Amino acid sequence: MIGLVRAELLKARATRSVWGLAATGVAFAVAWAVVDVLVLMPLSGGSGPADGKIRDAYSMAQQGYLLALILGIVVMAGEYRHKTITWAFLATPRRGAVITAKLVACGVIGLALGVASALLTGIVVAVLLTAAGRPAGAPGIPFVLAGSVLSTALWGVFGAALGALIRNQVAAITVAFLWFFYAEWFLVMLAPAVGRWVPTGVAKSVSGWSRDGMVGFDGQPVPGALLPVWAGGLVFLGYALAAAFAARVVSVRRDVT
Amino acid sequence: MPAITVTDIGKAFGSVRAVEKLSFTAEPGRVTGFLGPNGAGKTTTLRMILGLVRPSAGTALIGGRAYANLPSPLTTVGAVLEAAAFHPGRTARIHLLALCTAAGIPTGRVERVLELVDLAGAADRRAGGFSLGMRQRLALASSLLGDPPVLILDEPANGLDPEGIHWLRVLLRGLSAEGRTVLLSSHLLAEMEQTADDLIIISGGRLVAAGTVDELIGGRGGLEQTYLELLRGTR
């Protein structure tokens, strides 16, 4: 299994689109952090607890999640798109092992993206806050950054599972886009209590996002919208594992023509 | 050296019966040619032997084992599939290295097979820029990576120039002379007549004829005439 994961990482490292997507993900996180510190924080003025706002700025490290998701889809569905999955299954007819190795590899790639995002976001936020003459630290920031890294890694696994279930790369990205940008939002609007349970909601709780982000029908933030970090982590892990399990079952059965 | 034994194999895609009750053997030390018109079920049969397509009936064994149960598939069977595909952004070397890493084959084999198929000069070029002939050579290199005793090649001459076709014939004759089992599909009948020892001809998913090249041709002018006459009999 270690050999299979190494083979997947070797292929990913040698693929330019992987680097491009990862770099975009890191850039996204840093850009959001800059916007948060320079635009959103001054906008919200002096209201609210300062520590929470500082943590929120650091939690922008999780904003590369969308790219981690797309990366997972591209790495997995790309094998079907380019028909290279045939080589993988010829080398390892135990297809479940191939799929598992790819899921693990996408988790590792997501982890790397998350670490890079956390490092750069941490530095940028600290520098910007210090330059503005504001306190740059608050309790719990290491947990916020660690949570961002973990959630980004899980998004990578999630994307890979999605890519195995919907082998058409464009369709998989479209489905992900429609779900995460429209369906979830609509669902949460209709039933605000669901917000903490949907994938985006649990992922946000893992990354220590204290700003709620979910808005109900009345335009007011949903009270207590997010799960505690540990619970969010478990539910997100559950989603990723369920998607991964489904991906394995489906991939083992299908003919490769 | 293991033989390939196909027994009463069948495959239905929905209501279409691509292959029906097909049985044949490809023996070690011989090149077995696999012939048939487009849509006859050749590729489906080869994919069933390789465990990529699940048979609806029957078995396909390599040395008595199904492909999925081979302990070390790439060092047992080398395969070139029709229109072999590569990631356009990855180099030939990365493709081969990844296969080695996944299959636990020493990475030193990469240089060997690249030289063997005369692709060493293009090893670090991305496969997206490869010609059909170069892709075919890379596919052959992939199949030889594990130095396997069994080779299953679907239209390996596709896209090769006359020199390449000659080189392939010499290579395959050499590999079978070493005692390996070579199962080869092709539409190039003149080439097949020179390369193969045994022939299996199928049409509409069923066996039309099987035997040595000499037996099948008999008193007829050549393989092309034999092939056309045999197939005319099935319509």
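This briefing walks through helix packing, the contact between chains A and B, the nonpolar core and two backbone details. The model is a predicted one. In it, 28 residues of chain B are in contact with 24 residues of chain A. Helix α1(A) is a good place to start, since it packs against α2(B) in the partner chain and against α6(A) in its own chain.

**Where chains A and B meet**

- On the side of chain B that touches chain A, α2(B) supplies the largest share, with seven residues.
- That side of chain B is made up of 18 nonpolar, seven polar and three charged residues.
- Helix α1 of chain A (residues 2-13) packs against helix α2 of chain B (residues 92-103) at an angle of about 165°, and their axes are 7 Å apart.
- Angles over 145 degrees count as roughly antiparallel, so α1(A) and α2(B) are roughly antiparallel to each other.
- The crossing of α1(A) past α2(B) is right-handed.
- From α1(A), the residues taking part are Gly3(A), Leu4(A), Arg6(A), Ala7(A), Leu10(A) and Lys11(A), and they meet Ile94(B), Leu97(B), Ala98(B), Thr101(B) and Ala102(B) of α2(B).
- Seven of the residues in this contact between α1(A) and α2(B) are nonpolar, two are polar and two are charged.

**Helix α1(A) against α6(A)**

- Within chain A, α1(A) packs on helix α6 (residues 95-131) at an angle of about 55°, with the two axes 8 Å apart.
- That angle lies outside the ranges for parallel, perpendicular and antiparallel, and α1(A) and α6(A) are therefore oblique to each other.
- Here, too, α1(A) makes a right-handed crossing, this time past α6(A).
- Leu4(A), Val5(A), Glu8(A), Leu9(A) and Ala12(A) are the α1(A) residues involved; their partners in α6(A) are Ala97(A), Val98(A), Ala101(A), Lys102(A), Val104(A), Ala105(A), Val108(A) and Ile109(A).
- By class, the contact of α1(A) with α6(A) has eleven nonpolar residues, no polar ones and two charged ones.
- If you are following single residues, look at Leu4(A): it appears in the contact with α2(B) and also in the contact with α6(A).

**Helix α4(A) against α8(A)**

- Helix α4 (residues 65-81) and helix α8 (residues 169-190) of chain A have axes that come within 8 Å and cross at roughly 155°.
- This makes α4(A) roughly antiparallel to α8(A).
- The two helices α4(A) and α8(A) cross in a right-handed way.
- On the α4(A) side are Leu69(A), Ile70(A), Ile73(A), Val74(A), Ala77(A), Gly78(A) and Arg81(A), which meet Gln169(A), Ala172(A), Ile173(A) and Ala176(A) in α8(A).
- Eight nonpolar, two polar and one charged residues form the contact of α4(A) with α8(A).

**The nonpolar core**

- In soluble globular proteins, nonpolar side chains tend to be buried together.
- The largest nonpolar core here has 153 residues, and those touching the most other members are Leu71(A), Val157(A), Ala161(A), Leu99(B), Ala141(B) and Ile152(B).
- Leaving aside residues up to four places away in sequence, Ala141(B) touches Leu96(B), Val113(B), Leu114(B), Leu116(B), Val117(B) and Leu119(B).

**Positive phi in chain B**

- Asp8(B) has a positive phi, near 45°, although Asp8(B) is not a glycine.
- Asp8(B) sits in strand β1 (residues 4-13) of chain B, and counts as exposed because there are 12 C-beta neighbours inside 10 Å.
- Asp147(B), another non-glycine residue with positive phi, has a value near 50°.
- Asp147(B) belongs to the loop between α4 (132-144) and β6 (150-154) of chain B, and its 13 C-beta neighbours inside 10 Å make Asp147(B) partly exposed.

Conventions:
Residues numbered from 1 in each chain as written. Chains lettered and ligands numbered in written order. Predicted model: local features only at pLDDT ≥ 70, side-chain atom pairs only at ≥ 80, totals over all residues. Axes fitted to C-alpha atoms, helices over the stretch in contact; angles between N-to-C directions. Helix = DSSP H or I, 4+ residues; strand = E, 2+ residues; numbered from the N terminus. Parallel < 35°, antiparallel > 145°, perpendicular 65-115°, else oblique. Left-handed = near helix turned anticlockwise from the far one by under 90°. Contact = placed C-beta atoms within 7 Å. Nonpolar A, V, L, I, M, F, W, Y, C, P; charged D, E, K, R; others polar. Core = buried A, V, L, I, M, F, W, Y, C linked by C-beta atoms within 7 Å. Buried ≥ 20, exposed ≤ 12 C-beta atoms within 10 Å, placed from the backbone.
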